[in-house]
Amino acid sequence: VAACSLYHTWAIISIDKKVEGEPMRVASLALAYGEHVKHVIIVDKDVSPFNLMDVFWAVAMRVQPADQVQIIRNLKLGRNDPSLIHPSSGSGMIIDATEPTDRPYQTRVAVPKATLERLRRDLDRYVDPQVLNRIPVRDRWTY
């Protein structure tokens, strides 16, 4: 495990995947960690489990739900979960958002650092600052 973050009922785990099947084993351990964990997302080491935009990018770009989302039924969960139908039994979800190791796969493409720095420095040469200031973004350099 490269890194792990917990968001109440979520465990997001970054691994250095070597073979298929590894994410399911790691996710199973996370579900066994405590009754509060019911959602587990496994991502590759290039995705920070602390950056939810990065995590949801991996889910969007690397997951085919029919193959990489597992629903685990009859899971013992904490009684404080308001979504439970039965007193302490519910379901959990595992999302394998890792790249496959058993077939070719498009690698993640990133804008070169020098290009980003040049754009940050000279953006007003390319786009009128008044136009940029009207765009409602939190941080235009984070995507």
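Two strands pair if DSSP finds at least two bridges between them. Helices (H or I, at least four residues) and strands (E, at least two) are DSSP runs, numbered from the N terminus. The model here is predicted, so local features need pLDDT of at least 70 and side-chain atom pairs count only at pLDDT 80 or more, while totals for chains, interfaces and linings use all residues. Residues are numbered from 1 along each chain as its sequence is written, and side-chain values use heavy atoms, with hydrogens and water left out.

**Exercise 1. The order of the elements**

Task: Find how many helices and strands the chain has, and the pattern they follow along the sequence.

Solution:
- Step 1. Count each kind: the chain holds five helices and five strands.
- Step 2. Read along the sequence, and you get β-β-α-β-α-α-β-β-α-α.
- Step 3. Now look at the overall spread. The radius of gyration of the chain, taken over C-alpha atoms, is 19 Å, well over the 15 Å that the globule rule gives for 143 residues, so the chain is more spread out than a compact globule. That rule is 2.2 Å times the number of residues to the power 0.38.
- Step 4. Add the spans: along its principal axes, the C-alpha trace covers about 60 × 40 × 25 Å.

**Exercise 2. Building the sheet**

Task: Work out which strands pair, and whether each pair is parallel or antiparallel.

Solution:
- Step 1. Start with β1 (residues 3-7), which pairs with β2 in the antiparallel sense over five bridges. Here Cys4 stands opposite Ile13 of β2.
- Step 2. Move on from β2 to β3 (residues 39-44): these two run parallel and are joined by six bridges. Ala11 has Val40 in β3 as its bridge partner.
- Step 3. From β3, go to β5 (residues 89-97), a parallel pairing over five bridges. Val43 is matched with Ala97 in β5.
- Step 4. Finish with β4 and β5, which run antiparallel and share six bridges. The bridge partner of Val69 in β5 is Ile95.
- Step 5. Keep a general point in mind: in a regular strand the side chains alternate between the two faces of the sheet.

**Exercise 3. Inside or outside?**

Task: Decide whether strand β2 is largely enclosed, and whether His8, Gly21 and Asn74 are buried, partly exposed or exposed.

Solution:
- Step 1. Set the cut-offs: buried means under 20% relative accessible area, exposed over 50%, and partly exposed in between (1.4 Å probe, protein chains only).
- Step 2. Take β2 (residues 10-15). Five of its six residues are buried, so the strand is largely enclosed by the rest of the structure. Across the 143 residues of the chain, 33% count as buried.
- Step 3. Turn to His8, in the loop between β1 and β2. With a relative accessible area of 66%, His8 is exposed. The two strands form a hairpin with two residues between them, and His8 in the turn has a positive phi of about 50 degrees.
- Step 4. Gly21 sits in the loop between β2 and α1 (22-33). At 41% relative accessible area, Gly21 is partly exposed.
- Step 5. Asn74 belongs to strand β4 (residues 69-76). Its relative accessible area of 68% makes Asn74 exposed, and its phi is near 55 degrees, a positive value in a residue other than glycine.
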